[in-house]
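Hi,

Here is the structure I promised to pass on to you. Have a look at it first, and then read my notes below.

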Amino acid sequence: MRVWSSAHAIDDFYQGLVPAAVPYFVVERHYSYLGASGLALAATLGSALPQVGVGILADRRPLRWLCPTGLAIAGIAAGLTGIAPTYTLVWLLLLVSGIGVAMFHPPAGRDARRAAGTSTTAMSYFAAGGSAGFFIAPALVTPALETWGVGATVIFIPPAVLMAYILSRHQTRIDHYRHAPNAPIGTDQPRLFAVLTAVEITRSCVEWGLNTFISLYWIQHLGASTALGGVALTLLLGGAVVGALAGGRIADRIGLVRTVQLGNALLLPGIVALVLCNDKYAALPIAFVLGAIANLPFAVLVKLGQDYLPNRPGTAAGVTLGLAVSAGGAFMPVLGLVADHHGTQSALAILGALPILAIALSIPLREPTNQETRHVALPALNPTESNGRS
């Protein structure tokens, strides 16, 4: 799980780079809020649309090369955006970066779930890795772009290339001793999976809205500097890491469905508190708490989706880790238009209505049947074999 958590962190770092860099594209290149939300849409289209197809392929073939290749593509394309001379080229590079993300998530989710077995806590480490990548992105990108300008995105290309190499070696080593069967055992529950997907898409709109506009909210509405806007985004994403880890432990105690419903119920008061707080410093702790609440069910949704489709873990991961999570980016142009005409506070206020829909959608969810171990965990690597092959 350490390898998969680390790879997930590096991969999602480049998704977190987008909302961290957007304010600098607005300030330096004078993009409108609609244009800024269009950048989020490009990353979303690239990462969301191919994921179901990639997941179906991952259920049929191992395709071990997909994860490292996608990781490298995601990092290289995102890193080049800062030196791209035109809006169109920036948009296309973010689209390609999103496609790299789409290549990573379904097979990574499949193999990470096999390694985690039935433990939601173990799966939360993988999910928290992705949240950590989002968290680290503004913490590193904001000071770099603050110092050297938006062109500094190129310095973030090497981590993707290095992690792709490490993951490729890891995948090759696993293939030498993998004896666990790929096919899980259980009954697919497509109706519940469809409901779960609707819940996650609704939550995705909230999360994308917060990630994309929280820095701009601090800058435009609260009158803060771009640096403090980056701090707000960092706190939001730092809370997301805590929420992902906490959600796994909570789910192992109270159940998967109850944890999802709890996360939905807490989301509404969190957004209301942020919108009503007009102090740029007092609102910072609210951003952290809201990030934790928003990400509380993340690992739970991924595991629950694979429990609802035990015979198609790659497809389930493609939807829960990819399509549903990324789909919220398609809602960003609507928020961008609202922000252009009525300000960023109005855009965030609109997000406050979505948790009500998520609460209603999550009512029909049920704990998955046949909860015995369907995904066989990988056997431990024999130290002698490992040393010999290294």
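**What I found**

The buried residues of helix α14 pack against three partners: α2 (33–48), α8 (190–221) and α15 (344–351). Please keep in mind that this is a predicted model.

Which residues of α14 are the buried ones? Helix α14 covers residues 332–342, and its buried residues are Met332, Pro333, Leu335, Gly336, Val338 and Ala339. A bit of background helps when you look at that list: an α-helix has 3.6 residues a turn, so residues three or four places apart point the same way. Try tracing Met332, Leu335 and Ala339, which are among the buried residues of α14. Just after α14 comes Gly343, with a positive phi near 95°.

Now for the whole protein. It contains 17 helices and 0 strands. Its radius of gyration is 20 Å, close to the 21 Å that the globule rule gives for 390 residues, so the protein is as compact as a globular protein of that length. The C-alpha trace spans about 55 × 45 × 30 Å along its principal axes.

How much of the protein is buried? Of the 390 residues, 59% are buried. Among contacts with a separation of 6 or more, 87% join residues 24 or more positions apart.

On the outside, the protein exposes about 14,400 Å², and carbon and sulfur atoms supply 68% of that area. As for charge, there are 22 positive and 17 negative side chains, and the centres of these two sets lie 7 Å apart.

Happy exploring!

Definitions and conventions. Residues are numbered from 1 along each chain as its sequence is written. This is a predicted model: local features need pLDDT of at least 70, side-chain atom pairs count only at pLDDT 80 or more; totals for chains, interfaces and linings use all residues. Side-chain values use heavy atoms; hydrogens and water are left out. Helices (H or I, at least four residues) and strands (E, at least two) are DSSP runs, numbered from the N terminus. The radius of gyration is taken over C-alpha atoms; the globule rule is 2.2 Å times the number of residues to the power 0.38. Buried means under 20% relative accessible area, exposed over 50%, partly exposed in between (1.4 Å probe, protein chains only). Contact means heavy atoms within 4.5 Å. Accessible areas come from the Shrake-Rupley method with a 1.4 Å probe; for residues, only the protein chains shown count as cover. Lys and Arg count as positive and Asp and Glu as negative; His and the chain ends are not counted. The place of a charge is taken as NZ of Lys, CZ of Arg, CG of Asp or CD of Glu.
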